[in-house]
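Trainee: I've got this model open and I'd like a close look at one part of it, the strand in the middle of the pairing I keep coming back to. Could you walk me through that strand and then through what else is worth a look?

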Amino acid sequence: MKIPVLDLGTEVNLLWDDLNRAIQGVLRSGQFVLGENVHAFEKEVASYLGAKHAIGVNSGTDALLIALRAAGIGPGDEVITTPFTFYATAEAITLAGATPVFVDVDPDSFNIDPALAAKAVTPRTKALLPVHLYGLAAEMDALSELAEKHGLKIIEDVAQAFGGSYKGKRLGSIGDAGCFSFYPTKNLGAYGDAGLIVTNNDEIAEVARVLRVHGARKNYYNEIIGYNSRLDELQAAILRVKLPYVDEWNEKRRRLAARYTELLAEVPGVITPKEKPLCHHVYHQYTLRFTGGKRDLVRERLTEAGIGSMIYYPVPIHQLPAYKGTSPSLPVAEQLAAKVLSLPVWPGLPENTPEQVVKVIKEALR
């Protein structure tokens, strides 16, 4: 039996009737842009995340871009961020007119190292953009102290960590704004592109709402250069169906992750993900590190056995063509890129999946 790295079929089958009712309801309503489902989803998700405002946009990338602009970040500014994440994190900073400043990551959490971020602050620094990578919170206390010391904004990239928390606070609600992607692969995913900005700052929320509709508060009275970035009504309806299940699905991910960790605990050459006290890891990815140059061999053997896996991310952003030469060597990120491998961890997996996967890993390492 093949084990894909992700299969949404189980989820679709589970929710089939509710999804159909939601989709048909939108079709019959005749409202397809910023309709009742978008407004209802914004209220529901704001309540879930413990945030005052939620603004639906058309992608996680736009959420980052619009949040940066709404927070006053623009040309001439620097934003400190991580190189070990998806390209869109840095791309949004550049699209806002600012300059991404990459600092290295902690080897255990894979997240931005606050001590190195502190050393990177200059008079041009205006914001920190931490990523809660793979579903684990960045060190928000240290980053918040750094931001307060220098008068910086914090924009959280929560694309991979919906439902995760840090010391009792939902990720995305801690900084000045939190940015979510609802790409279909996410812990809470739409069936197309979709994104969200959350904030407790009234001014950021107001500007973000204006920016998402061509810079206008009122139709045809455009005030600033904005974007066509509205959360689609169909996607909002689908997300409303799925939101009540997200905690249950995240717990299934955590159980699978715990079983993987248990089975791999004594396997030489394998470093399992670390949990952090008072942080609720939601395992968007279960990511191992392989020492001794064995990562690619293990992946090849998994593929031969019909088991999916992925490398997130094979090249740190500062080494990609668009940003090459903009940063000194960042050794931890560069080493991680050569060692990491993510295993199947989606909530519809059978409970015995970790045993099957780990058996192949052990055989490959022998």
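Mentor: Sure. Let's begin with a pair of residues: S181 has G195 of β9 as its bridge partner. Keep in mind throughout that this is a predicted model. S181 belongs to β8, residues 177–181, and β8 pairs with β9 in the antiparallel sense over 4 bridges. On top of that, β9 pairs with β1 (residues 53–57), again antiparallel, through 5 bridges. One of those pairs sets G56 against L196 of β9.

Now look at how covered β9 is. The strand runs over residues 195–199, and 5 of its 5 residues are buried. G195, I197 and T199 point one way, while L196 and V198 point the other way, and both sets are buried.

β8 also takes us to the cysteines, as its range of 177–181 takes in C179. Which cysteine sulfur is nearest to that of C179? By the disulfide rule the count for the model is 0. C179 is in no disulfide, and the nearest cysteine sulfur, that of C279, is 20 Å away. Seen from the other end, the sulfur of C279 has C179 as its closest cysteine sulfur, and 20 Å is too far for a bond, given the 2.5 Å cut-off. Both cysteines are covered: C179 is buried with a relative accessible area of 2%, and C279 is buried at 11%.

Back to the β1 side. G56, the residue set against L196, also turns up among the contacts of R212, together with I55 and V57. R212 sits in the loop between α7 (202–211) and α8. Is R212 buried or exposed? It is buried, with a relative accessible area of 6%. Its side chain makes a polar contact of 2.9 Å with the side chain of E42. Leaving aside neighbours within four places in sequence, the other residues it touches include L34, I66, Y227, N228, S229 and R230.

The helix α8 that follows that loop brings in α1. The buried residues of α1 pack against α2 (36–49), α8 (233–242) and α9 (246–264). Those buried residues are E11, L15, L19, A22 and V26. The general rule is handy here: an α-helix has 3.6 residues a turn, so residues three or four places apart point the same way. α1 covers residues 9–29 and bends by about 70 degrees at W16. Just after α1, G30 takes a positive phi of about 75 degrees.

There's another loop residue to set beside R212, namely H132, in the loop between β4 (125–129) and α6 (140–150). H132 is buried, with a relative accessible area of 0%. Its side chain makes a polar contact with the side chain of E156 at 2.8 Å. Among its other contacts, sequence neighbours within four places aside, are N111, A137, A138, M140, D157 and V158.

Last, a separate look at the open sheet of 3 strands, ordered β10-β12-β13 with antiparallel pairing. β10 (270–271) and β13 (340–343) stand at the edges with a single partner each, so one side of each has no neighbour in the sheet. Helix α12 (residues 353–365) packs on that sheet, touching β10, β12 and β13, and its direction makes about 10 degrees with that of β12. β10 joins β12 (residues 286–290) through 2 bridges, and V270 stands opposite F290 in β12.

Conventions:
Residues numbered from 1 in each chain as written. Predicted model: local features only at pLDDT ≥ 70, side-chain atom pairs only at ≥ 80, totals over all residues. Heavy atoms only, no water. Pairing = 2+ DSSP bridges. Contact = heavy atoms within 4.5 Å. Axes fitted to C-alpha atoms, helices over the stretch in contact; angles between N-to-C directions. Bend = angle between axes of the 7 residues up to and from the residue. Buried < 20%, exposed > 50% of the residue type's maximum accessible area, 1.4 Å probe, protein only. Polar contact = N/O pair within 3.5 Å; in protein donor to acceptor, adjacent residues only side chain to side chain.
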